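Colleague: Got a minute to walk me through this one? I'd like to practise reading a structure.

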Amino acid sequence: MRRLAPSLALLISSLVGAGCEAGAGYPQTTFRPVSEFGRIVNDVFYNTFNWTMGIMLVVIALILFAAFRFRERPDSPEPAQIHGNTKLEIAWTIVPAIIVVFIGVPTIQAVFDTQREPPEDALRVEVIGHQWWWEFRYPEYDIVTANELWVPTDRPVSLAMRSADVIHSFWIPRIGGKRDVNPLPRRREGVEPKHDNYLLFTVEEPGLYLGQCAEYCGEAHAIMRMTVRAAEQDDFAAWVERMRSGGPQTTGLPPARDPSAGALVVGAEQVPDQEGGERAVPAVAPAQVVGAPAPSQAQQQQCGQRPAPTGAGNPFRAPLPDVVLQQEGERIFLSSSCITCHAIAGTAAAGSVGPSLTMVGSRPWVGAGAAAMDHENLVAWIRDPESVKPGTLMPGTRTAGGGLPPTGLTDQEVRAVAAYLLSLK
Ligand code: CUA
């Protein structure tokens with residue numbers, strides 16, 4: 001026993017240590033739930049875990065006791081021969097039955113607690129799994145976003161989930177899941193399709209939580225990630241407002257557009273009022289315009305409104321102020337094939353095949369978790385998505401993808417489009 005004690009102590013201390021560290025530094029741990037759903041599931045886990053650990057310790061103790069107390073010695077007599085022991089048999093039938101009740105009752109209770117009907121005031125969000133990204137629709141606010149689910153804290157959130165292609169699985173470890181996201185079945189005469197899966201939770205702590213697809217769904221399954229931003233009610237309401245208007249326009253142009261203006265939105269009809277123009281211009285630093293006299297305020301405004309076109313034969317000669325690059329990127333984006341798949345609220349872009357890009361610059365990742373959201377990664381992504389996320393169903397500038405032809409954008413156009421997208425926040 002004395003020889004075994006150190007290793008037993010080591011085992012116990014490492015188990016305890018693992019328990020203490022389970023939270024810190026692991027963003028996808030289920031052991032630090034932030035929703036009532038997560039807490040219920042975690043409680044069921046710990047209840048079961050504690051009972052089974054207790055059983056294990058008792059069994060190990062009895063085995064060790066029997067092995068040492070009744071071990072064979074040189075002069076051991078023949079052990080007493082017995083056949084059955086009614087008291088013991090009753091005990092080891094009843095005790096496990098009681099333990100099963102202590103595990104089973106809270107578990108069944110948890111199943112019912114997590115399958116409740118959503119209350120009237122719940123925020124309803126439609127979750128649609130795609131290869132390989134997540135779409136989130138808020139019918140209540142007429143908002144669509146992708147790969148980042150915004151939810152208010154302390155208000156029940158009711159997800160209705162389905163898939164546009166294959167089976168995915170929705171999982172945000174600190175909030176809840178996993179729950180399968182199934183494709184809609186083929187419509188049959190007189191049969192109401194009921195394939196949506198539901199998830200109801202209330203997030204209690206504001207924060208940024210990571211999640212991902214938890215069911216193998218094809219080549220880029222591992223990069224089908226998402227973030228959840230749980231915000232206080234006021235912050236959530238502010239986000240909803242920004243999403244509805246397409247976010248503050250970095251170009252200083254008024255956010256409201258005339259959809260009939262089509263793809264070429266930067267035009268004379270959008271000359272901003274004086275206030276808007278002033279907001280747009282301060283980023284212009286005269287030193288950046290090499291070899292030219294410092295532009296006047298009026299020239300700067302002109303520059304802000306009508307940037308030099310990019311493309312073959314007309315490269316940028318000097319670094320351009322961000323705002324000009326962003327504006328140019330917006331013009332290129334809206335006149336490119338990008339808008340056949342992508343939508344941006346407040347613009348003419350209304351495609352729905354790919355992720356919505358409304359306020360995409362505020363998301364932490366490019367390509368549903370493929371890379372961090374910055375200009376360099378966006379450029380790499382737009383130029384050749386395959387190099388950033390193998391399997392992705394999006395064409396690059398020179399490569400076809402997802403059955404679509406290459407976009408044909410030049411490197412300079414890609415830089416401008418990336419600057420524009422990054423500015424959407
Ligand atoms: Cu979607 Cu794995």
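Modeller: Sure, let's go through a sheet and some salt bridges; keep in mind that this is a predicted model.

Colleague: Which strands stand at the edges of the open sheet of three strands?

Modeller: The sheet runs in the order β4-β10-β9, with mixed pairing. A strand at the edge has a single partner strand, so one side of it is left without a neighbour in the sheet. That description fits β4 (148–152) and β9 (207–212).

Colleague: Okay, and which residue stands opposite L149?

Modeller: Start with the strands: β4 pairs with β10 (residues 225–231) in the parallel sense, over five bridges. The residue opposite L149 is in β10, and that's V228.

Colleague: Now the salt bridges. How many residues apart in sequence are the parts that R116 and E36 tie together?

Modeller: R116 and E36 form a salt bridge, with their closest N and O atoms 3.8 Å apart. R116 sits in the loop between α3 (86–113) and β1 (123–130), while E36 belongs to helix α2 (residues 36–69). So the pair ties together parts whose separation in sequence is 80 residues.

Colleague: Is E36 buried or exposed?

Modeller: Buried means under 20% relative accessible area. E36 comes in at 13% relative accessibility, so E36 counts as buried.

Colleague: Last one: which residues do salt bridges that share partners join into one network?

Modeller: One pair to look at is R162 and D196, whose side chains meet in a salt bridge (3.8 Å, N to O). R162 lies in strand β5 (residues 157–163), and D196 in the loop between β7 (176–181) and β8 (197–201). Salt bridges with shared partners make one network of E126, R162 and D196.

Notes:
Residues are numbered from 1 along each chain as its sequence is written. This is a predicted model: local features need pLDDT of at least 70, side-chain atom pairs count only at pLDDT 80 or more; totals for chains, interfaces and linings use all residues. Side-chain values use heavy atoms; hydrogens and water are left out. Two strands pair if DSSP finds at least two bridges between them. Helices (H or I, at least four residues) and strands (E, at least two) are DSSP runs, numbered from the N terminus. A salt bridge is a side-chain nitrogen of Lys or Arg within 4 Å of a carboxyl oxygen of Asp or Glu. Buried means under 20% relative accessible area, exposed over 50%, partly exposed in between (1.4 Å probe, protein chains only).
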